[in-house]
Amino acid sequence: MLKLFNTLSKKIEKFQPIKDKRVSIYSCGPTVYDYVHIGNLRTYLFNDILRRVLIYDGYKVKQVMNITDVGHLTDDADSGVDKLEKGAEREKKTVWDVAKFYEKEFLNDIRALNILMPDKLPHPTDHIKQQIKIIETLVKINFAYDAKEAVYFDVSKFPDYTKLSGQKLKDKKQAARTEVVKDLSKKNPADFALWFKLTGKFADHSMHWPSPWGEGFPGWHIECSAMSTEYLGQPFDIHTGGVDLIMPHHSNEIAQSQSASGKPLANYWLHGEHLLIKSGKPGHLDGEPRRMAKSENNFIRLKDIVDKGFSPLAFRYLVLGAHYQTKLNFSWESLRAAQNSLDHLLDLISELKGSPGKFMCADYAKAFDREINNNLDTARALSLTWRLLKKPNPDKLKISTIKKFDKVFGLDLLKGALIRKKIPNKIKELAKTRERLRKQKEFGKADDARAELEKLGYEINDTPEGPVVKKK
Ligand SMILES: [Zn+2]
């Protein structure tokens with residue numbers, strides 16, 4: 001029985017799909033005006049683990065992820081600029097070219113991390129009609145109003161607005177927003193835009209469509225309400241995203257969808273925690289780890305990881321090692337440790353003889369089931385895998401069990417082990433000799449063995465579990 005933490009109830013709940021053995025998931029995707037960083041990628045990895053666990057449990061999953069190409073402003077209070085326009089100006093390209101380029105880059109990162117491709121990747125610019133329809137309903141029932149610069153949703157009409165976030169409307173964040181929005185003709189500071197008009201700072205906005213309120217473009221939140229229900233119906237089973245989306249994005253999605261239709265948008269709301277990293281800003285170097293952001297000089301892409309000689313799957317391993325609801329501090333040392341552990345795991349698997357069959361180490365398979373179904377506890381499932389490898393079970397059973405586990409991990413464990421196997425015996429022997437010399441405290445001779453390995457094109461890394469040798 002799968003149990004998941006539902007942000008809506010703030011409790012761990014038993015998962016019960018709407019349709020037997022079928023699950024519909026909507027995951028908020030990227031705004032394609034820039035590269036995604038590894039903090040964003042942690043959220044997509046969490047989506048992927050959820051999906052893989054559901055498939056493991058025998059569900060047929062349909063997952064939709066939006067690719068935002070219009071209307072996402074640089075500020076949550078509707079006072080910023082459209083991120084796509086910002087990207088276009090920076091790169092002297094059209095917004096369409098910018099969107100196309102970064103979508104391709106995003107999909108490459110997803111593939112490199114073994115994230116299963118969503119079944120649909122819709123764009124808001126292809127769903128203007130559906131968005132206008134919801135806004136029309138909201139205006140008709142008086143939950144939205146036509147103001148000077150935009151059509152706004154009136155949050156005072158929706159008493160459950162703060163249910164998902166648990167925040168009070170008059171908290172500090174909202175108070176700060178009052179300052180920002182005083183130039184806008186909103187009734188309440190928390191009201192949010194559904195449709196922007198081509199006026200004021202948006203007079204020259206390059207993307208625009210006709211609507212009952214004049215030429216303009218949709219706000220960010222309405223796209224998810226329109227596209228999720230277009231492909232999954234309403235309500236659907238699970239809505240996912242990063243914790244930063246709880247307020248305002250997901251709260252706004254719920255407000256507009258539930259008000260327009262009288263039905264809940266989704267039954268389960270799951271949120272992945274942040275990846276933190278020390279800021280690279282002068283004066284911040286020794287400070288608390290922070291969220292990744294361009295302005296903090298701590299923006300790391302998957303490409304930066306690969307350029308430093310790590311495999312994308314080492315990052316996947318690092319992420320799997322922490323529960324999705326805990327903050328994870330990223331450092332190059334922790335990534336190095338993850339790479340070494342992954343390599344060592346592959347080495348242990350490569351020493352197993354035989355090929356996978358039908359039978360498994362039943363007690364381990366059962367324990368694995370329990371861990372992953374306990375709110376996706378991949379960290380405990382990983383340590384279980386290490387214990388399995390150290391246990392005196394027949395190799396064939398171990399291989400079959402690991403093959404099954406990897407359907408959730410997505411670490412290419414058997415394929416990776418085959419590649420590790422190709423390291424010549426002579427090299428493996430030399431590495432063992434060096435380790436023996438080190439233990440005998442013959443450090444000079446151990447260093448000679450390392451130099452010899454390096455001359456032959458291999459490097460050796462010492463890990464808590466033992467040394468790992470690999471091609472340079
Ligand atoms: Zn969204």
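In this predicted model, H249 is in contact with C28 and H221, leaving aside neighbours within four places in sequence. H249 sits in helix α7, which covers residues 246-261. With 19 other C-beta atoms within 10 Å, H249 is partly exposed, because the buried class begins at 20.

E253 lies in helix α7 too. E253 has 27 C-beta neighbours inside 10 Å and therefore counts as buried. Its contacts, again without the neighbours within four places in sequence, are H221, C224, S225 and L265. H221 thus appears in the contact list of H249 and in that of E253.

H249 and E253 also come up in an annotation. The UniProt record, an unreviewed entry, places the feature "binding site" at C28, C224, H249 and E253. These positions span 226 residues in sequence, yet no two of their C-alpha atoms are more than 11.0 Å apart, so they gather at one spot. Two of the contacts already given fall within this set: H249 with C28, and E253 with C224.

C224 belongs to helix α6, and the packing of α6 against α7 is the next step. Helix α6 runs over residues 220-232, and its axis lies 8 Å from that of α7, at an angle of about 60°. The two helices are therefore oblique to each other, because the roughly perpendicular class starts at 65 degrees. Their crossing is right-handed. On the α6 side the residues that meet α7 are H221, I222, C224, S225 and T229. On the α7 side they are H249, N252, E253, Q256 and S257. Three of the annotated positions, C224, H249 and E253, are thus among the residues where α6 and α7 meet.

Elsewhere in the chain, F315 is placed in helix α9, residues 312-320. F315 is buried, as 26 other C-beta atoms lie within 10 Å. Not counting residues up to four places away in sequence, F315 touches I38, L113, L302, I305, F310 and L335. F315 and L45 are 270 residues apart along the chain, and their C-alpha atoms are separated by 10.0 Å.

The last element considered is helix α15, residues 425-439. At 1.5 Å a residue, its 15 residues should span 21 Å, and the C-alpha atoms at its ends are 21 Å apart, so the two values agree. The expected span is 21 Å because the rise is multiplied by one less than the number of residues. After α15 comes K441, which has a positive phi, near 60°.

Key. Residues numbered from 1 in each chain as written. Predicted model: local features only at pLDDT ≥ 70, side-chain atom pairs only at ≥ 80, totals over all residues. Helix = DSSP H or I, 4+ residues; strand = E, 2+ residues; numbered from the N terminus. Buried ≥ 20, exposed ≤ 12 C-beta atoms within 10 Å, placed from the backbone. Contact = placed C-beta atoms within 7 Å. UniProt positions renumbered as here; feature names shortened; annotations may be inferred. Axes fitted to C-alpha atoms, helices over the stretch in contact; angles between N-to-C directions. Parallel < 35°, antiparallel > 145°, perpendicular 65-115°, else oblique. Left-handed = near helix turned anticlockwise from the far one by under 90°.
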